[in-house]
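Visitor: I am new to reading protein models, and I would like to understand how the labels on them are earned. Could you show me the structure and then explain the reasoning step by step?

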Amino acid sequence: MKQIWKKLSTLFLTFACILAFLAYPVKGAVSSQVEDSILENFQYLIDMMNNYSEDEMTAQIQNMDSTFLSGMVDEYYGALDKVGSFKEILSSEVAVDEEKEIATVIMRVAFDKYNAKLTAKCNYNASATAQNFDDLWSEFTVTAEYPISALIKNAEPSTLVIAAIVIIGLIFAIYYMRRVNRKEVPKEESEGATVQETFPLRPEPEVSGSMNEEELAIVIAAAIAAYEEENPGGDGYVVRSIRKTHSNNWRRA
């Protein structure tokens with residue numbers, strides 16, 4: 001059996017000494033060297049779990065009596081069953097809370113099936129009195145980044161029912177809002193119609209498209225009289241009656 005616990009012990013002592021030298025007892029802004037040391041220590045722990053089996057890690061960390069390492073092994077190897085084997089580190093960063101003196105490591109990792117986010121917290125200012133990993137590290141988590149199709153496939157039946165109810169509720173809410181908006185439009189139109197009734201437009205005078213026989217006779221007679229005044233030597237004209245034919249031509253009877 002490989003002596004993994006010896007490597008972990010050496011790693012812890014080296015890490016604690018580096019932090020004690022760089023971060024303690026000085027408080028305030030954390031230097032980039034401290035952040036790099038925290039990130040390297042965390043990455044080394046991930047590399048060890050990728051190089052050894054779960055049984056090997058579990059058997060060796062029992063000698064170290066570390067709650068953090070035990071939880072880390074269970075969380076990491078348990079996640080591998082869902083996301084697949086390790087491929088590469090996509091990105092990593094250290095977020096420092098100087099008031100609480102806690103640094104949070106955030107690492108995005110690509111696995112065979114899905115990507116995942118690995119996080120852990122480091123109490124970097126406790127390095128001078130630290131006795132084991134539990135004094136420096138805590139709260140290791142692996143969060144798989146599942147696509148929507150995988151979430152639906154792996155969801156519990158009760159979760160799918162709740163999601164369906166929420167979606168149906170949203171559809172009915174949108175439908176109801178659209179109906180309310182449609183009802184408001186006729187109301188506005190009726191208000192506009194009331195205004196028009198209150199202030200009616202002045203009606204246009206009706207214009208007759210044709211004359212009756214009497215009016216036409218007067219017009220013709222006036223035209224003949226004007227002609228006779230200009231030509232006094234004529235025999236004169238007498239209009240006895242006026243008749244309208246189908247061809248809309250007026251004939252003298």
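Guide: Gladly, and please keep in mind that this is a predicted model. A search through the whole structure turns up two salt bridges, and we can begin with those.

Visitor: What makes the contact between Glu 145 and Arg 108 a salt bridge?

Guide: The closest N and O atoms of Glu 145 and Arg 108 are 2.8 Å apart. A salt bridge asks for a side-chain nitrogen of Lys or Arg within 4 Å of a carboxyl oxygen of Asp or Glu, so the pair earns the name. The two partners belong to distant parts of the chain, since Glu 145 sits in strand E4 (residues 137–145) and Arg 108 in strand E2 (residues 102–111), 37 residues apart.

Visitor: Why is Glu 145 called partly exposed?

Guide: The relative accessibility of Glu 145 is 32%, and the label partly exposed covers what lies between under 20%, called buried, and over 50%, called exposed. Glu 145 is therefore partly exposed, and its partner Arg 108, with a relative accessible area of 29%, is partly exposed too.

Visitor: How do you know that Lys 121 and Glu 139 form a salt bridge?

Guide: Their side chains meet with 3.4 Å from N to O, and because the limit is 4 Å, this pair also counts as a salt bridge. This pair, too, links distant parts of the chain, with Lys 121 in strand E3 (residues 115–122) and Glu 139 in strand E4, 18 residues apart.

Visitor: Are Lys 121 and Glu 139 buried, partly exposed or exposed?

Guide: Lys 121 has a relative accessible area of 31% and is therefore partly exposed, whereas Glu 139 reaches 52%, and because the exposed label begins over 50%, Glu 139 counts as exposed.

Visitor: What is said about the backbone of Glu 139?

Guide: Glu 139 has a positive phi of about 55° although it is not a glycine, and this residue is found in strand E4. Glu 101 likewise has a positive phi, of about 60°, and is not a glycine either; it lies in the loop between strand E1 (86–97) and E2.

Visitor: Why is Glu 101 called buried?

Guide: The relative accessibility of Glu 101 is 19%, and buried means under 20%, so Glu 101 counts as buried.

Visitor: Which residues make the nonpolar surface patch, and what makes Val 166 suitable for it?

Guide: Ile 162, Val 166 and Leu 170 make the patch, which has an area of about 290 Å². Val 166, found in helix H7 (residues 157–198), has a relative accessibility of 48% and counts as partly exposed; because a patch residue needs over 30%, Val 166 passes that cut-off.

Visitor: How many cavities are counted, and what lines the largest cavity?

Guide: The count comes to one cavity of 30 Å³ or more, and the space in the largest cavity is about 30 Å³. Its lining is made by Leu 8, Leu 45, Met 49, Met 57, Leu 69, Met 72 and Val 73. The elements that give two or more residues to this lining are helix H2 (32–51) and helix H4 (67–83), and H4 supplies the largest share, three residues.

Visitor: How do you know that the lining of the largest cavity is nonpolar?

Guide: Leu, Met and Val count as nonpolar, so the lining of the largest cavity divides into seven nonpolar, no polar and no charged residues.

Conventions
Residues are numbered from 1 along each chain as its sequence is written. This is a predicted model: local features need pLDDT of at least 70, side-chain atom pairs count only at pLDDT 80 or more; totals for chains, interfaces and linings use all residues. Side-chain values use heavy atoms; hydrogens and water are left out. Helices (H or I, at least four residues) and strands (E, at least two) are DSSP runs, numbered from the N terminus. Buried means under 20% relative accessible area, exposed over 50%, partly exposed in between (1.4 Å probe, protein chains only). Patches are made of residues with over 30% relative accessible area and no salt bridge: like charges are joined within 9 Å, nonpolar side chains (Val, Leu, Ile, Met, Phe, Trp, Tyr) within 5 Å. Accessible areas come from the Shrake-Rupley method with a 1.4 Å probe; for residues, only the protein chains shown count as cover. On a 1 Å grid over the protein atoms alone, a cavity is a set of points where a 1.4 Å probe fits but cannot get out, and a pocket is an open set with protein on both sides within 12 Å along at least five of seven lines; lining residues have an atom within 4 Å of a point. Grid points are joined across faces, edges and corners, and a volume is the space filled by probe spheres set on the points.
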